[in-house]
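Dear colleague,

I am handing over the structure below for your consideration. A summary of what was found in it follows.

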Amino acid sequence: MTKKILIVDDEPNIVISLEFLMKKEGFSVAVASDGDEALTKVASFAPDLILLDVMMPKKSGFEVCEALRADPANAGLLIVMLTAKGRDTEVAKGLAIGADAYITKPFSTKDLVARVKTMLGIV
Amino acid sequence: MKAKHRLIVAVIVLGLLMTGPFVVTSLLVWLDMKEAERTMLTELLLSRLPVGTMMTLFGFVLGVGVLHKLFKQYVEGLLRMAETLRLMLGANRNFRVTIEGPPEVQQLAQAANDLAEQRDVLMDDVDAQIATAKASVEEEKNRLAALMSELAQAVVVCNLDGRILLYNNRARLQFKALSQGPTSVAGGALIGLGRSIFSILEKSQVDHAEEVIRQRLSSGKTPISNFITTTRGGQLLRAQMVPVLAASGEEGEAAMSGYVLTVENITRSIEEEERRDQALHSLTQGSRSSIANIRAAVANLLDYPDMEPELRERFLRVIDDEVAKRSQVIDQTMSQFSDAIKTRWPLEDILGIDIVAAAQRRIDDKLKLPTKTEEIDDALWIKADSFSLVFALVSLASKLQDHYEPRELRFRLTSAGKLAYLDLIWAGPAMSSETFYTWEMESMQIGSESSPLSLRDVIDRHGGEIWYEREKAAHRAFFRFVLPVAVPEIESEPDERSRGKGRPEYYDFDLFKFEDKTIDLDRKLSDLTYTVFDTETTGLEPSNGDEIIQIGAARIVNNRLLRQETFNQIVDPECPLKPESIPIHGITEDMVRGKPNIDVILPAFHEFCEDTVLIAHNAAFDMRFLQLKEERTGIRFTQPVLDTLLLSAVVHPNQESHKLDVILERLGITIGTRHNALEDALATGEVFLKLVKLLEDKGIVTVRQALEAAEKTYFARVKY
């Protein structure tokens, strides 16, 4: 069964690359451009993994992450935070509030794909 | 018993002594005799009685004479001497006992005079010592005050109540710059002798710093404490506190009697730091997203070369778009934060013209080369390390002199936006850019003086640039120094020193003993803090629409009139001035228009008067004007008010006039101009200080007594 990935980012310039990449890798992909939309999409699309940007209008990635983790129904959802905030303190925060991985921008697309596959147990 | 009475008693005793034994003997013999013997004796005696009586009388007179003489010499003489001695003891130190009378008395007088002589020598000596000590203490005080007033840091000394005992000019200017709202109208009334520092700094923070110092004192550490506080206007102040320790004779730790605060406004440097952070942030974190976008797009293009042309086009657009955005961000950052990114070498704000003048002096002095100035922007402030900059200019001049022997050099100072151009101009042949390049890199030299820095170092230190440029048409060339323009933080006041006489009264160490701020009516008149004020008005009838057009006030602290701490404000009455009143107060329509109105001024004045007793001449008049504004402004002047007119009437009840001019003349006070609110307030202050002494002679010492006495005077009963 194809794994489902939700991409959450307000910048179309990264969304286009990620969407293309993940589709090429054989995932089923959905996109949300802000925090609120992300929460709805999680409910409707039921992704296995979410690529979540931290800095977004309305709800920040941190808030979305916290909201998702507050609901036990999403316990199995994998959360990968993608962010331009590269400071140690922010990495620590991301992991502390329940992100499974924290990747700072810019990143290598190869590494990202490898990371996503490992997390989803596809080798 | 009086001396005279004692003389009479002595005479009686003498009489009794001379006649008594004879009379008693005769009586005893008479009683013992027979009848025949008595007859015989009577006969015998009666015939010789006149001789006996004569002899006795003679003896008596002689005795009285001797007695009188002795009395004169010993008793009266000594009494006189006692009076003279009293006089010497009190009223007239130079009086001496006249040496007269019997030898014993003379000796006594001599001894008394000798003692007096000795005492005078001692007293003169003590007086001289006191005078010297006083003079040296005064000198020390003045030296300290002078030192403080010239310091570039803001210094404020307070007692433990937070009352300001001393502040320097810098502190005054700094806090004046800080004051916002109503106080800025008054010219920064916040700082002043005897005022509370807590109107400027947060009390809890000052208390905490004080506590830290006490702890450090008791644990033997260096007693110092730092804190950063925000003012009401949102400015950031860094304050450092060190204690003033009372000199105590006992062993152990000295008690803290006050503290010294050095205050620095760090708003600017903090802002600069923040801007630098922002710049850094926008260059790092801001780049991450962009580069991530580009990187992902590039990776896709590379990894999937066989994608559809449409998609390829989209990825290329992403890259193009992001690169364009990034370039823009970099440009923006550079222009916005150029100041912040520049070198951190401490530069001072200095007038460009001062740099030019200094360079001219040194060139003339060291190189004997004439210099001139061309276009000079004399109001241009630059950020510079003046020493190294002047050194660079002079060393360049020296090099020019060695290589091209110009007849004269010229300076030009202009500005373009945030940049200042300082040009060193000379006429002569063209120089190669290689030459100038070596000049730039060589360490600088003026004659035998050399600097470890090169011209380039100096330029870098200023975050500036330098280049060589030819003005072909004029057959001359110049070096252009490009330097950052500064906005001076605090501008000095040119009229600063002209106001008042002598040294500014920025200090009053006697306030160390100052206690409790609330006005206690039973305190001595000479101990309280006062605000003397006067108003100029459009006319004499406040209830008929006349308005205040000027308020002038000064403070009296510790029996001194502080000419530096004044309130002087013209007020827009929002109604036309009466032409006939203009010659009296000298305030014209032009002067009042555009000035703040009473709604703005009254709160500022109220703050200026805080915690003080008000004084005015014919206070009822001025108070009436203030009271009529109570409803409109909500400002109430509730403190006690003393009226110099009434107090003058208390002191001189029999004088006809108590007009200010007449009182000034009567009390021997000469002042310059009058009928300007501030000048009149100052005159009233002088009058009050004289009246305090005169009231004391009448037994009126406290404020309460003064108020009561004023109320009782005839004038008080004449209602305004």
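From the N terminus on, the elements of chain A follow the order β-α-β-α-β-α-β-α-β-α. Chain A thus described has five helices and five strands. Please note that this is a predicted model.

Of the 123 residues in chain A, 39% are buried. Where contacts in chain A join residues at least 6 apart in sequence, 58% of them link residues at least 24 apart.

In chain B, I would draw your attention to helix α7, which covers residues 267-303. With 37 residues at 1.5 Å a residue, helix α7 of chain B should span 54 Å, and this agrees with the 52 Å between its end C-alpha atoms. The helix α7(B) does bend, by about 35 degrees, at B:Ser287. Its buried residues are B:Ser289, B:Ser290, B:Ala292, B:Asn293, B:Ile294, B:Ala296, B:Ala297, B:Ala299 and B:Asn300.

The two chains also touch each other: 18 residues from chain A and 17 residues from chain B take part in the contact. On the side of chain B that touches chain A, the elements giving two or more residues are α7 and α8 (309-341) of chain B. The largest share of that side, eleven residues, is supplied by α7(B). By character, the residues of the side of chain B that touches chain A comprise eight nonpolar, four polar and five charged.

To bring the points on α7(B) together, this helix bends at B:Ser287 and gives the largest share of the side of chain B that touches chain A.

Yours sincerely

Technical notes
Residues numbered from 1 in each chain as written. Chains lettered and ligands numbered in written order. Predicted model: local features only at pLDDT ≥ 70, side-chain atom pairs only at ≥ 80, totals over all residues. Helix = DSSP H or I, 4+ residues; strand = E, 2+ residues; numbered from the N terminus. Expected span 1.5 Å × (residues − 1). Bend = angle between axes of the 7 residues up to and from the residue. Buried ≥ 20, exposed ≤ 12 C-beta atoms within 10 Å, placed from the backbone. Contact = placed C-beta atoms within 7 Å. Nonpolar A, V, L, I, M, F, W, Y, C, P; charged D, E, K, R; others polar.
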